[in-house]
Amino acid sequence: MSSIAFSSGATPSPITETESGQVQGITQEGINIYRGIPFAEPPLGPLRWRAPQPKTPWSGIYQATEFSHDCMQKPFPSDAAPLGTEPNEDCLGLNVWAPKSRTEKPLPVMVWIYGGGFVNGGSSTPIYDGQAFAQNDIIVVSFNYRVGRFGFFAHPALSAEPHGDEPLGNYGFMDQIAALKWVKNNIHQFGGDANNITLVGESAGGFSIHTLLTSPLSQGLFQRAIIQSGGGRIGMNQRLIDKMNDQGVPSAEQIGENFAKRFNIQGQDALEALRQLSAEKVTSGLNMNSMGDPTYSGPMLDGKLVVKQPQDYYVKGERLSVPLMMGTTDFEIGFAGPVDSMSDALEPFAELEVDQKKIAKAYADNGVTKPQDVAQRIASDALMVEPTRYALRVADEHNQTVYGYRFAYVTESEKEAWPGAFHATDIPYAFNTVATRYGEKLSSEDQAMADLVHQYWVNFIKYGNPNGDDLPTWQPYDGQQDNLMWFSNQGAKESVMRTDPWNERLDYIKLLQPQP
């Protein structure tokens with residue numbers, strides 16, 4: 001665990017009761033901060049690749065002053081939100097920020113779910129500090145969930161092990177649900193309203209929210225959601241747990257067997273041998289650079305927790321049961337290989353009866369003309385942008401309150417280096433941690449944008465509506481208009497509602513998507 005350097009004005013927080021025992025954190029700048037509260041037993045030894053088990057109550061007062069270890073992984077060197085702890089398999093802790101001054105009425109709760117492609121990420125990074133939200137009378141909770149092969153793994157020996165009604169495979173999602181149940185059962189002790197919980201997640205965290213919206217095992221655990229760059233059609237994997245799918249994708253069990261064979265593990269003692277592997281061997285260098293490793297399954301359709309893809313529910317108007325806010329950045333993540341020509345860039349459309357010149361023109365109309373840039377935008381549009389538009393449209397079609405946005409602001413110090421706002425760069429603006437992220441390079445315009453974005457997030461978490469005094473009006477999304485709040489690269493004063501100028505190119509991307 002990491003030692004946190006607190007200001008000289010920090011004092012011990014009030015002692016707070018939880019279901020597992022008493023906890024004490026610190027109070028700093030009017031905020032009670034609790035770090036590293038265990039919400040489940042450490043997933044070690046025989047609990048590796050098991051659903052999170054209830055935490056054994058402790059005696060005395062648990063000193064919640066340090067983050068728990070982030071979950072075991074090989075850190076991603078260029079992560080915009082680097083970890084603040086040394087990763088470890090013993091990692092199932094959560095953090096709470098709560099105003100010191102209690103109000104008669106319980107406060108709304110925000111629960112943050114980090115991204116990282118389900119192979120990286122953790123709650124310890126200073127970019128995810130909940131102080132600014134807590135200063136706006138919101139209780140903030142963040143937590144760790146298992147990633148990589150610790151979070152998403154299947155093997156025939158695991159499936160054969162007696163486990164009662166526990167799901168299999170998606171242990172990271174199980175951790176998320178366990179953390180949400182902890183919030184539901186304990187947050188009132190910190191001054192929070194257990195019936196006013198908003199999930200906020202980015203990238204894999206956003207994909208996770210789509211899973212939590214649609215899973216039979218997480219219904220009723222939250223009341224609103226903000227999804228930042230989280231898709232909206234399918235999860236990050238269509239793999240079945242125990243058999244090949246219709247597209248010929250091997251089962252997660254087969255992937256697990258292939259991993260075990262790396263270490264000559266097979267036969268009746270396979271599970272015991274797998275659980276005896278060191279954490280480093282289980283990780284085997286897996287991170288965002290190598291997440292395509294053929295011995296890593298990723299999230300899967302397990303039949304209990306993940307039953308169908310989100311779009312398979314949404315198309316019927318199911319599970320769109322809470323007010324939503326969702327959007328993307330304007331230079332999203334995508335995984336395009338190198339191309340030499342425009343015809344190479346447009347190869348995904350080769351088998352479709354569409355005029356490729358019109359597709360190229362649609363991208364050119366948005367200022368994207370070079371073949372490699374077009375290939376990259378096609379990849380990111382297919383992964384993030386069009387699925388988000390799909391989720392916005394279907395939510396509106398089924399009369400759910402939903403707000404859409406596109407984040408296009410690039411910090412002043414990086415405007416010449418980046419053609420747009422890259423994936424995840426909206427996070428410090430939402431948290432209003434831009435001073436931490438950019439330090440001396442922070443400009444007044446950067447801070448103004450953070451103040452604007454953060455206030456919209458605060459208002460939505462409190463009221464289910466981002467609008468407020470002295471803010472540009474943010475209209476609900478209308479699928480006939482495709483109207484988005486556009487956080488402009490020109491700054492906060494130029495951020496207004498716009499009809500999505502990418503609609504034509506996204507209409508072409510829609511043709512590439514698997515249909516529900």
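Let's begin with Thr16, whose bridge partner in strand S3 is Val23. This pair belongs to a predicted model, so keep that in mind as you look around. Thr16 and Val23 give you a handle on how strand S2 and strand S3 meet: S3 covers residues 21–24, and three bridges join S2 to S3, with the two strands running antiparallel.

Now widen the view a little. S2 and S3 belong to an open sheet of three strands, in the order S2-S3-S6, and the pairing in this sheet is mixed. Its edges are S2, at residues 16–18, and S6, at residues 61–63, and each of these pairs on one side only. If you look at how the neighbouring strands of this sheet lie, they are turned by 40° against each other on average, ignoring direction.

From S6 we can step to a loop. Pro43 sits in the loop between strand S5, residues 31–38, and S6. Is Pro43 buried or exposed? Its relative accessible area is 5%, and buried means under 20%, so Pro43 counts as buried. Which residues does Pro43 touch, leaving aside those up to four places away in sequence? They are Arg48, Glu89, Asp90, Leu92 and Arg146. You can also find Gln53 ten residues along the chain from Pro43, with 8.1 Å separating their C-alpha atoms.

S5 leads us on to another sheet. This one is open and has twelve strands, in the order S1-S4-S5-S7-S9-S8-S10-S11-S12-S13-S14-S15, again with mixed pairing. The edge strands here are S1 (11–12) and S15 (496–499), each pairing on one side only. Within the sheet, S5 pairs with strand S7, residues 93–99, in the antiparallel sense over six bridges. One example to look for is Asn32, whose bridge partner in S7 is Ala98. Helix H4, residues 171–186, packs on this sheet, and the strands it touches are S5, S7, S8 (107–113), S9 (139–143) and S10 (192–202). The direction of H4 makes about 150° with that of S10.

Let's finish with another helix. Helix H5 spans residues 204–214 and lies across S8, S10, S11 (224–228) and S12 (324–329), running at about 130° to S10. How many of the eleven residues of H5 are buried? Eleven of the eleven are, so H5 is largely enclosed by the rest of the structure. Among these buried residues you can pick out Gly205, Phe207, Ile209, His210 and Leu213.

How values were computed:
Residues numbered from 1 in each chain as written. Predicted model: local features only at pLDDT ≥ 70, side-chain atom pairs only at ≥ 80, totals over all residues. Heavy atoms only, no water. Pairing = 2+ DSSP bridges. Helix = DSSP H or I, 4+ residues; strand = E, 2+ residues; numbered from the N terminus. Axes fitted to C-alpha atoms, helices over the stretch in contact; angles between N-to-C directions. Buried < 20%, exposed > 50% of the residue type's maximum accessible area, 1.4 Å probe, protein only. Contact = heavy atoms within 4.5 Å.
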